[in-house]
Amino acid sequence: MDNFLPPKYCDVGNNNSFRLAVGLRLGAEIVVPHCCPCGSQVDSLGSHGLSCRRSAGRLSRHASLNDVIRRALASVGVPATLEPPGLARDDGKRPDGITLIPWQMGRPLIWDATCVDTLAPSHLASTSRKAGEAAAAAEALKRRKYACLLQNHIFAAFAVETLGPWSGDALNFFRVLKRRLRETSGDPRAGSFLGQRIGIAIQRGNVASLMGTLPQGTDLGDLSH
Ligand SMILES: [Zn+2]
């Protein structure tokens with residue numbers, strides 16, 4: 001169970017990273033307005049980076065989320081592999097991971113993780129009306145995308161948002177996984193540690209996305225308040 005010791009909060013990065021993650025989450029003015037390398041203007045809230053088409057944090061956040069899920073499954077005795085080659089759809093797309101033994105009802109689990117931006121212009125109309133709408137839409141998209149695999153697998157669309165909400169699938173999967181973590185470890189906090197790791201992966205990705213909007217060679221100290 002060494003994978004599920006309490007996460008180190010300082011591990012979110014250096015002081016600036018922590019400060020920026022909190023500022024983004026609170027909607028505070030955290031950066032001097034500047035031009036993103038993609039050509040868009042970044043305002044003082046810095047949220048453009050979260051949905052920038054060149055978002056620097058997207059890949060690392062995606063990899064971190066999948067690694068956290070894979071390691072949590074391993075901790076409950078369910079080995080899993082990422083990017084399973086035998087499950088590609090006709091277009092070559094494949095889910096992020098699969099358990100190598102059954103997860104529920106004699107069927108293996110496949111999952112696909114995504115983190116969508118709550119504040120993206122394309123999501124703002126729905127997320128400002130109801131929390132979690134961007135994650136719910138992403139989940140529906142994933143379910144359609146992998147419809148051909150649903151018959152023989154348990155599927156979890158692990159869709160979360162940059163500002164916190166999780167999709168129904170993500171919450172359901174998390175509830176089962178944290179119960180198993182508690183049972184396996186005997187530690188009632190094991191599920192909470194998993195939730196914290198996922199939250200930290202999202203926040204680190206947010207900071208990396210904001211940092212990606214800075215002109216190359218810029219010292220963060222020049223632009224942060
Ligand atoms: Zn940009």
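This dialogue reads helix H3 and a four-stranded sheet in a predicted model.

Q: What end-to-end span should helix H3 have, and what does the model give?

A: The expected span follows from a rise of 1.5 Å a residue. Helix H3 covers residues 58-75, so its 18 residues should span 26 Å, and the end C-alpha atoms lie 26 Å apart, in agreement. Just beyond H3, Gly77 adopts a positive phi of about 80 degrees.

Q: Which residues of H3 are buried, and what covers them?

A: An α-helix has 3.6 residues a turn, so positions three or four places apart point the same way. In H3 the buried residues are Arg58, Arg61, Ser64, Leu65, Asn66, Val68, Ile69, Arg70, Ala72 and Leu73. Their cover includes the strands E3 (80-82), E4 (97-99), E5 (109-116) and E6 (154-161). Helices H6 (168-185) and H7 (190-211) are also among the covering elements.

Q: In what order do the strands of the open sheet run, and which strands form its edges?

A: Strand order is read from the pairing of neighbours. Here the order is E3-E4-E5-E6, with mixed pairing. E3 and E6 are the edge strands, each pairing on one side only. On average, neighbouring strands are turned by 20 degrees against each other, direction ignored.

Q: In which sense do E5 and E6 pair, and which helices pack on the sheet there?

A: E5 and E6 are parallel, joined over eight bridges; one of the bridge partnerships links Asp112 with Ala157 in E6. Helix H5 (residues 133-145) packs on the sheet, touching E5 and E6, and its direction makes about 150 degrees with that of E6. H6 likewise touches E5 and E6 as it packs on the sheet, its direction making about 115 degrees with that of E6.

Key. Residues numbered from 1 in each chain as written. Predicted model: local features only at pLDDT ≥ 70, side-chain atom pairs only at ≥ 80, totals over all residues. Helix = DSSP H or I, 4+ residues; strand = E, 2+ residues; numbered from the N terminus. Expected span 1.5 Å × (residues − 1). Buried ≥ 20, exposed ≤ 12 C-beta atoms within 10 Å, placed from the backbone. Contact = placed C-beta atoms within 7 Å. Pairing = 2+ DSSP bridges. Axes fitted to C-alpha atoms, helices over the stretch in contact; angles between N-to-C directions.
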